[in-house]
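Colleague: I am new to this structure and would like a close look at one part of it. Could you take me through one helix pair and then on to what lies around it?

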Amino acid sequence: MANFKKKQAGSKQEIPTSAMPDVVFMLLFFFMVTTVLREVTLKVKLDLTQASNIEKIEQKRLVSYIYMGPERLPGNQLGDDKVQIDDAIVDDLGAIRNLMYDKLIEEPRLIVSLRVDQNSEFGLLTDVQKELQQAGTFRINYSTKREAD
Amino acid sequence: MLKKKKREGADINGSSMADIAFLLLIFFLVTTTINVDTGIGMVLPPPLDPEQEPPPIRERNLMKILVNSQGLVLMDEEPVSVSEVKDKLIEFISNPENNVELAISPDAAIVSLKTQRETPYSIYIDMLDEVMAAYKDLRDAASRANYGVPYDALVDDSPQQDQIREMYPKKISIAEPDS
């Protein structure tokens, strides 16, 4: 019985993988840097409305958000419409003026993005807008989703 | 005689490092949301001085749009449906037949949007969207006629874009609701 010996390649053919962790780490750092982990915890229910003629906000650094919608209460209940700036609900609408004015001093090209629940009433929005006028933050943006055509 | 034990070279096995890095990478890949903020941009007017009289506006240059809380629309005291608003606005702003009832020129036209306090936000945005759509159509048409490309294709803040913007300035007034 003849023994067949498999022919072996003379030299070992291996792809060097020692650089793979470096490549993966590089990608990892990219995504770590771009990820925004700390999102604002919403204390109001937010269901944005849709519109078709919208523009993108390119410079996100300039944007400051104001959230408006029914307050989330413990036990999955919804309360009255409230205004939230940063992490806190603002009960006294007159305080918005000072809050936004301080932000305007920090960033003169401030854009205020109004994220309003679609079922909240216009009355609250107009009160907030009046405060924004007093604060001098005139550039606003009604945040909406893109409407599917 | 005590013989010192020969130590082997302590190597940390690094082959699983790639696996760990991959795991982290996948975690961040999944959690990353590269979302873009979109919305309708507006510029609020400065606060009104109560002693100062508002500037006079000729009646024919002003298009009053009233929206109630049920979403019913009045344009210059005339009930219209939401789908008609855009075409009516384009006719009002451009005024191709020089109707004495409509705006003298596009840059004099002012659109006033007024709602009730109880109007839901979505209805208000729908109306504002219609107004924006009317202006977008007009600007696109003007841009195509002059430069052969839609308005969005023009370079931002270029003289061409400024010119189109001057032809059709967005003069939208958000009136305060009564009551």
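Is the crossing in which H2(A) passes H3(A) left-handed or right-handed?

Modeller: H2(A) passes H3(A) in a right-handed crossing (the near helix is turned clockwise from the far one by less than a right angle; anticlockwise would be left-handed). Before we go on, residues are numbered from 1 along each chain as its sequence is written, while chains are lettered from A and ligands numbered from 1 in the order written. This is a predicted model, in which local features need pLDDT of at least 70, side-chain atom pairs count only at pLDDT 80 or more, and totals for chains, interfaces and linings use all residues; side-chain values use heavy atoms, with hydrogens and water left out.

Let's start with the pair you asked about. H2(A) covers residues 94-106 and H3(A) covers residues 122-135; both names come from DSSP runs numbered from the N terminus (helices are H or I, at least four residues; strands are E, at least two). Their axes come within 8 Å and cross at roughly 45° (axes are lines fitted to C-alpha atoms, for helices over the stretch in contact, and angles run from 0 to 180 degrees between N-to-C directions). That makes H2(A) oblique to H3(A) (under 35 degrees is roughly parallel, over 145 roughly antiparallel, 65 to 115 roughly perpendicular, and the rest oblique).

Which side chains should you look for? On H2(A), the residues in the contact are A:Gly94, A:Ile96, A:Arg97, A:Met100, A:Tyr101 and A:Leu104, and they meet A:Val128, A:Glu131, A:Leu132, A:Gln134 and A:Ala135 of H3(A) (contact means heavy atoms within 4.5 Å). By class, 7 are nonpolar, 2 polar and 2 charged (Ala, Val, Leu, Ile, Met, Phe, Trp, Tyr, Cys and Pro are nonpolar, Asp, Glu, Lys and Arg charged, and the others, Gly among them, polar).

Now turn to the sheet beside this pair. An open sheet of 7 strands runs in the order E2(A)-E1(B)-E7(A)-E6(A)-E3(A)-E4(A)-E5(A), and its pairing is mixed (two strands pair if DSSP finds at least two bridges between them). E2(A), residues 55-56, and E5(A) stand at the edges with a single partner strand each, so one side of each is left without a neighbour in the sheet. H2(A) packs on this sheet, touching E3, E4, E5 and E6 (111-116) of chain A, and its direction makes about 40° with that of E4(A).

Two of the strands under H2(A), E3(A) (residues 63-73) and E4(A) (residues 77-85), run antiparallel and are joined by 7 bridges. A:Gly69 has A:Lys82 in E4(A) as its bridge partner. The hairpin of E3(A) and E4(A) has 3 residues between the strands, and A:Gly75 in its turn has a positive phi of about 85°. E4(A) also pairs with E5(A), residues 88-90, in the antiparallel sense over 3 bridges, with A:Val83 opposite A:Val90. This hairpin has 2 residues between its strands, and A:Asp86 in the turn has a positive phi of about 55°.

Moving along the sheet brings us to chain B. E7(A), residues 139-143, runs antiparallel to E1(B), residues 38-43, and 5 bridges join them; A:Ile140 is partnered there by B:Met42. H3(B) lies across E6 and E7 of chain A together with E1 of chain B, running at about 75° to E1(B).

The chains meet through helices as well. H1(A), residues 20-34, and H1(B), residues 17-31, pack at about 25°, with axes 9 Å apart, which makes H1(A) roughly parallel to H1(B). Unlike the pair you asked about, which is right-handed, the crossing of H1(A) and H1(B) is left-handed. Its contact includes A:Phe25 and A:Phe31 on H1(A) and B:Phe22 and B:Phe28 on H1(B), and by class it has 16 nonpolar, no polar and no charged residues.

Over the whole interface, 49 residues of chain A are in contact with 43 of chain B. The area buried between the chains is about 4100 Å², of which carbon and sulfur atoms give 63% (buried area is the accessible area, with a 1.4 Å probe, that two parts lose on being put together, summed over both). A:Asn53, A:Phe122 and A:Tyr142 supply 19% of the area that chain A buries against chain B, more than any other three residues.
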